[in-house]
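Reader: Could you take me through one part of this model at close range, namely how its strands pair? I'd also be glad to hear what surrounds the ligand.

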Amino acid sequence: MGTGGESVEIRSASKSYGAVRALDNVTLNVAPREFVSLLGPSGSGKTTLLGLLGGFIQPSSGSIHFGDRDVTLEPPHKRDIGIVFQNYALFPHMNVSENVAFPLRARRLPKASWSEKVRTALAMVGLAGYEERGVAQLSGGQRQRVALARAIIFEPRLILMDEPLSALDKQLRESMQIELRELHKRIGATIIYVTHDQREALTMSDRVAVLKGGRIVQIDRPERLHDHPADSFVASFIGEASLLPVRRIDYRQRGAGTRHPAQRPDRPERRRADPGGT
Ligand code: ADP
Ligand code: MG
């Protein structure tokens, strides 16, 4: 399975909604088979950027290229992208097999090839044998896997994901992160992955693009972001995921130096800072 990854280039793209500049002169290059996360707080432009790649949103200026194809004016269905959203929108009246085969139907691929492709895609996401199951009889995690199978069944060279795991509980989310990472290696597609969860971005990605106010403030490998943040925003945003305990101790030593440790309130900020804890 897999026909290799697409290379993706965004050239100086901007997008405004009236007075709101959702994206401000964004340039991004993603290599074939790379896993790149778009990380940033709410409202920083992540979904808008993904929408430009999917073709759901037109840039106000700039262009988008897949390989040497300029796709800026191409509608979504011509771009051949696998897409997984947070609300994975399965068709409730169809069983698992029909849901997963939907992109094949939409592409008018010969029906004789469907069942083999469905079987392969379901095996890829750990749902072998679930073909006849009704969607209502699946857990949240299983539904998300069906959505994944549906996104990979036509062997797209590019897959876009917008917070695909955020509806799952912490334990399931962490195991799905590992599975997604392994799935990525097996299918060899390029993946662009939106998340506001620092730890998720750092553990899953080849590179992470940190967004703020519609701009990419830094794009780098996880360890590089961690060790060489471009500015204090990146440092604090990334730092929340991994550096925080050390910093908090320094802060408390300065801020509450006269207090005995036993008298301190019980670390509420550490719980708040755990991005996977809610
Ligand atoms: P994120 O996904 O990072 O939370 P978005 O890309 O959804 O951010 O939004 C970026 C900015 O653009 C925000 O200020 C948001 O309010 C604004 N925005 C997004 N979509 C629209 C829209 N359809 N109309 C008006 N403003 C929008
Ligand atoms: Mg969003």
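Author: Happily! Let's settle one term before we look: two strands pair if DSSP finds at least two bridges between them. Please keep in mind, too, that this is a predicted model.

A little background first. The chain has 278 residues, and 37% of them are buried. Its secondary structure comes to 11 helices and 10 strands. Of the contacts with a separation of 6 or more, 68% link residues 24 or more positions apart.

Now for strand S1, which covers residues 8-17. S1 pairs with strand S4, residues 61-66, in the antiparallel sense, and five bridges hold that pairing. To find a spot to look at, take Arg-11, whose bridge partner in S4 is Ser-63. S1 is also joined to S2, again antiparallel, by seven bridges. Here you can pick out Ser-16, which has Arg-21 in S2 as its bridge partner. S1 and S2 form a hairpin with two residues between the strands, and in this hairpin Gly-18 takes a positive phi near 55°.

From the hairpin we can go on to the ligand. Around ligand 1 you will find Tyr-17, Val-20 and Ala-22, together with Gly-40 and the run Ser-42, Gly-43, Ser-44, Gly-45, Lys-46, Thr-47 and Thr-48. Two elements give two or more residues to this shell: strand S2 (20-30) and helix H1 (46-54). H1 gives the most, with three residues. By class, the shell divides into seven polar residues, three nonpolar and one charged.

Elsewhere in the chain there is an open sheet of six strands with mixed pairing, in the order S6-S7-S8-S3-S9-S10. Its edge strands, S6 (82-85) and S10 (215-220), each pair on one side only. From one strand to the next, the twist averages 15°. Start at the S6 edge: four bridges join S6 to S7, residues 158-162, and these two strands run parallel. Phe-85 stands opposite Asp-162 in S7. Helix H5, residues 140-152, packs on the sheet here and touches both S6 and S7, with its direction at about 160° to that of S6. As you look along any of these strands, it may help to recall that in a regular strand the side chains alternate between the two faces of the sheet.

Note on methods:
Residues numbered from 1 in each chain as written. Chains lettered and ligands numbered in written order. Predicted model: local features only at pLDDT ≥ 70, side-chain atom pairs only at ≥ 80, totals over all residues. Buried ≥ 20, exposed ≤ 12 C-beta atoms within 10 Å, placed from the backbone. Contact = placed C-beta atoms within 7 Å. Near = placed C-beta within 6 Å. Nonpolar A, V, L, I, M, F, W, Y, C, P; charged D, E, K, R; others polar. Axes fitted to C-alpha atoms, helices over the stretch in contact; angles between N-to-C directions.
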